[in-house]
Amino acid sequence: MTEIDYKNKVVLAPMVRVGTLPFRLLALKYGADIVYSEEIIDKKLCSTERVVNDKLGTIDYVKGKDVVYRRCPLDKPSVLQIGTASADWAQKTATHVYPDYDALDVNMGCPKHFSIQGGMGAALLKDRERIKDILTTLVRVIDKPVTCKIRLLDTIEETIDLVKMIENCGVKAIGVHARYIPQRSSAAAHHKFLRQIQDSVSVPIIANGDIFAYEDIQKIKEETGCSSVMVARGALWNPSIFSPEPHDKDVVMKEFLEEAIKWENHFGHTKYTIVRSYQNDTKKPHYPLIVKARNFDQLLEAFQNIPHKNQETKIETKDN
């Protein structure tokens, strides 16, 4: 059986249209211990064809002209996150993509309408028998780690009861986004509950929510008693968050763009990632050019005055 140690790890969170191969590789380069793919819906993955891409040295899962999932040997340890509402479809997906993932995660925390109406994501948190069916099926049929990512339920008692049930399904770790289902990212994460949750089970609880700087990683570990943390928006805003040495955000995002071109990432996903990365930096002089870009050449033009990684000037910190 493939083994991944989920203790004392810093993890790139699953992010739709962001967690593609070039972004995962960049996170690993800057120090992420484990990276998660974007959530991919079970039926979509099952409709793909496995293609060996000799040009790139990748394994591609392709539907028509679209690459739905792409792996390369450098992309590890890498967790494939799926959206599913059915043990049957979860099993089909796990076997269809096997062996091209290191671990499989089930999204049980997404509160968006698309997931909820399909019985996926946070909708699963209201159906424990279905959770049990999905997780026990996956644990039984694949010899790779199975995990899931959840949100807080209405009370801490309900949440603890849920994670105990999930642990008994045989999962290797549980990601907990420390927000309630209706809450969005504008509301502060409730880290205060995570210590009780971790104390209630023996599997690692991966703390997720409001980690925006490298210093926050240790702070959240100490505050929650969780040895592992999962970073989402902090990584989106600057993938070098995993490194103790700060790196200029513009330089890092130019590096991401170059990696996206190298690995032939979808242009729309690449632009989406970069635009989202600058959501708090819209005054940057090259931001309007990023927004207007209609192809990779125009994105490169937007970053033409940004130095390459090997030309980066080290950022001064309080310790320097």
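**Close-up views of a predicted model**

**View 1. Lys-292 lies in helix α12, which covers residues 287–292.** The structure shown here and in the views below is a predicted model. Lys-292 has a relative accessibility of 58% and therefore counts as exposed, the cut-off for that class being over 50%. Leaving aside residues up to four places away in sequence, Lys-292 touches Lys-271 and Gln-298. From Lys-292 to Ile-205 the C-alpha distance is 41 Å, with the two positions 87 residues apart in sequence.

**View 2. Helix α5 spans residues 128–141 and has its buried residues on the same side.** With 14 residues at 1.5 Å a residue, helix α5 should span 20 Å, and the C-alpha atoms at its ends are 20 Å apart, so the expected and modelled values agree. Which residues of α5 are buried? They are Ile-131, Ile-134, Leu-135, Thr-137 and Leu-138. These residues cover an arc of only 160 degrees around the axis, which means that they sit on the same side of α5. An α-helix has 3.6 residues a turn, so residues three or four places apart point the same way. Glu-129 and Arg-140 are exposed on the other side of α5. The packing partners of the buried residues of α5 are two helices and two strands: α3 (87–97) and α6 (156–168), together with β8 (103–107) and β9 (146–152).

**View 3. Thr-137 is a residue of helix α5.** Is Thr-137 buried or exposed? Its relative accessibility is 5%, so Thr-137 counts as buried; the limit for this class is under 20%. The side chain of Thr-137 reaches the backbone oxygen of Asp-133 at a distance of 2.6 Å. Beyond residues up to four places away in sequence, Thr-137 touches Ala-87 and Gln-91. Thr-137 and Cys-169 are 32 residues apart along the chain, and their C-alpha atoms are separated by 9.0 Å.

**View 4. The cysteines Cys-110 and Cys-148 are shown, and the count of disulfides is zero.** A disulfide would need two cysteine sulfur atoms within 2.5 Å. For Cys-110, the nearest cysteine sulfur is that of Cys-148, 14 Å away, and Cys-110 is in no disulfide. For Cys-148, the closest cysteine sulfur belongs to Cys-169; at 8.2 Å the separation is too far for a bond. Cys-110 counts as buried because its relative accessibility is 15%. Cys-148 also counts as buried, with a relative accessibility of 0%.

**View 5. Phe-23 and Phe-256 form an aromatic pair, and six such pairs are found in the whole structure.** How are the rings of Phe-23 and Phe-256 arranged? Their centres are 5.7 Å apart and their planes lie at 75 degrees, so the pair is edge-to-face; planes over 60 degrees apart fall in this class. The pair links distant parts of the chain, as Phe-23 is in helix α1 (residues 21–29) and Phe-256 is in helix α10 (residues 249–262), 233 residues apart. Phe-23 counts as buried at 0% relative accessibility. Phe-256 is buried as well, with a relative accessible area of 0%.

**View 6. Cis peptide bonds precede Pro-77 and Pro-99.** The bond from Lys-76 to Pro-77 is cis, and its omega is near -5 degrees. Pro-77 is found in the loop between β6 (66–71) and β7 (78–83). Tyr-98 and Pro-99 are joined by a cis peptide bond with omega of about 10 degrees. Pro-99 has its place in the loop between α3 and β8, two elements against which the buried residues of α5 pack.

**View 7. Asp-210 and Glu-264 have positive phi values.** Asp-210 is not a glycine, although its phi is positive at about 60 degrees. Where is Asp-210? Asp-210 lies in the loop between β11 (205–208) and α8 (214–224). Glu-264, likewise a residue other than glycine, has phi near 55 degrees. The place of Glu-264 is in the loop between α10 and α11 (267–277). With a relative accessibility of 37%, Glu-264 counts as partly exposed.

Conventions. Residues numbered from 1 in each chain as written. Predicted model: local features only at pLDDT ≥ 70, side-chain atom pairs only at ≥ 80, totals over all residues. Heavy atoms only, no water. Helix = DSSP H or I, 4+ residues; strand = E, 2+ residues; numbered from the N terminus. Expected span 1.5 Å × (residues − 1). Buried < 20%, exposed > 50% of the residue type's maximum accessible area, 1.4 Å probe, protein only. Arc of directions from axis to C-beta. Contact = heavy atoms within 4.5 Å. Polar contact = N/O pair within 3.5 Å; in protein donor to acceptor, adjacent residues only side chain to side chain. Phe/Tyr/Trp six-rings, centres within 6.5 Å; stacked < 30°, edge-to-face > 60°.
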